[in-house]
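This report describes how helices and strands are arranged in a single chain, and then turns to two residues with unusual backbone angles. The structure is shown here for reference.

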Amino acid sequence: MKKIISGENIIKQYGTGGEQRKVLDGVSVDIHEGEFVSVMGPSGSGKSTLMFALSGMDRIDEGLVTFEGKDLASLEDDELADLRRTGMGFVFQQPTLMKNLNILDNIILPSMRGNRRKAAEIAEQARQLMQRVGIAELEKRDITQASGGQLQRAGICRALMSRPRIIFGDEPTGALNLKAAQEIMELLSDINEEGTAVMLVTHDAVIAAKTERIMFMCDGSIVDELRLPRFSGQDIEERMNRVIAKMREIGI
Ligand SMILES: Nc1ncnc2c1ncn2[C@@H]1O[C@H](COP(=O)(O)OP(=O)(O)OP(=O)(O)O)[C@@H](O)[C@H]1O
């Protein structure tokens, strides 16, 4: 499988002078086309920092991160922003939607910037995505008139507008109730099955157990990894037990 993102010996530190602390301490990781990956680990172990480093949201101090062979450090800020906008999609715990826009406009807004496609074409694509994720009827609604799960679906539509190669999700189900979280995971799994790689950061063993490759982080390093077959919807308990057993083995 072709690599989409490759990180080699990534070091990221925070602080100044003698107070510097390596939050990523020489992490190497590859994400391949179509992979469904999650990152688990204790709070503060560096999961979000790793996601920010691999997606170019944050500059690293040492090491190398490439996206489809392109060294992110060689890109100017606007080139990096362009690459993120066209090649990557982001889904956070709370979708950052604007209060003065309806849901459709929120979804299409980022696509209107620097895009030569016609507005009607962009809106049509957004409508198709809304249909696809089951929120077609919410087009004109204000964001205060939708549930957390519906807003997260809108956030996913927005992330999919550029037809990204990879979706990064930082606790994308963290603010949702169990049913909405399950539905969002099913949606991400379907999107992944259609060919988009997905990388999630999660604290939740049930979420991680639905992915196919779980990386475990501890103190700024990836200390272990568990590979699982594609989730069929049947064997969640056994998968969770494997995740939990691995966490016990590592001691996290
Ligand atoms: N901008 C920053 N400045 C200083 N320290 C930071 C900054 N961002 C993160 N850190 C520190 O880096 C460490 C790793 O943070 P990170 O958010 O990557 O952890 P995490 O594993 O995602 O944690 P959580 O599960 O709690 O979200 C933490 O100790 C955090 O306080």
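The account below takes the sheet, then the helices, and then the backbone. The model is predicted, and every value quoted is computed from it.

**The sheet**

Six strands make up an open sheet of mixed pairing, and their order across it is 6-7-8-3-9-10. At its edges lie strand 6 (88–92) and strand 10 (221–227), each of which pairs on one side only. Direction ignored, neighbouring strands of this sheet are turned against each other by 20° on average. Within the sheet, strand 7 (residues 166–170) and strand 8 (residues 197–201) run parallel and are joined by five bridges, and Ile166 stands opposite Ala197 of strand 8. Helix 5 packs on the sheet, where it touches strand 6 and strand 7, and its direction makes about 165° with that of strand 6.

**The helices**

Besides packing on the sheet, helix 5 (residues 148–160) meets helix 4 (residues 119–133), with axes that come within 9 Å and cross at roughly 135°. An angle over 145 degrees would count as roughly antiparallel, and one of 65 to 115 as roughly perpendicular; helix 4 and helix 5 are therefore oblique to each other. The crossing in which helix 4 passes helix 5 is right-handed. Helix 4 contributes Ala126, Leu129, Met130 and Val133 to the contact, while helix 5 contributes Arg153, Ile156, Cys157 and Leu160. Of the residues in this contact, seven are nonpolar, one is charged and none is polar.

Helix 3 (residues 103–112) has Ile103, Leu104, Asn106, Ile107, Ile108 and Ser111 as buried residues. The buried residues of helix 3 pack against both helix 4 and helix 5.

**Two positive phi values**

Asn9 and Glu68 have positive phi values in residues other than glycine, and their settings are set out below.

| Residue | Phi | Location | C-beta neighbours inside 10 Å |
|---|---|---|---|
| Asn9 | near 50° | strand 1 (residues 3–14) | 13 |
| Glu68 | near 45° | loop between strand 4 (62–67) and strand 5 (70–71) | 13 |

What do the neighbour counts say about the exposure of Asn9? A residue is buried with 20 or more such neighbours and exposed with 12 or fewer, so Asn9, with 13 C-beta neighbours inside 10 Å, counts as partly exposed. Glu68 also counts as partly exposed, because it has 13 C-beta neighbours inside 10 Å. Asn9 has its place in strand 1, whereas Glu68 is found in a loop between two strands, strand 4 and strand 5.

How values were computed. Residues are numbered from 1 along each chain as its sequence is written. This is a predicted model: local features need pLDDT of at least 70, side-chain atom pairs count only at pLDDT 80 or more; totals for chains, interfaces and linings use all residues. Axes are lines fitted to C-alpha atoms, for helices over the stretch in contact, and angles run from 0 to 180 degrees between N-to-C directions. Helices (H or I, at least four residues) and strands (E, at least two) are DSSP runs, numbered from the N terminus. Angles under 35 degrees count as roughly parallel, over 145 as roughly antiparallel, 65 to 115 as roughly perpendicular and the rest as oblique. A crossing is left-handed if the near helix is turned anticlockwise from the far one by less than a right angle, and right-handed if clockwise. Two residues are in contact if their C-beta atoms, placed from the backbone, lie within 7 Å. Ala, Val, Leu, Ile, Met, Phe, Trp, Tyr, Cys and Pro count as nonpolar, Asp, Glu, Lys and Arg as charged, and the others, Gly among them, as polar. Two strands pair if DSSP finds at least two bridges between them.
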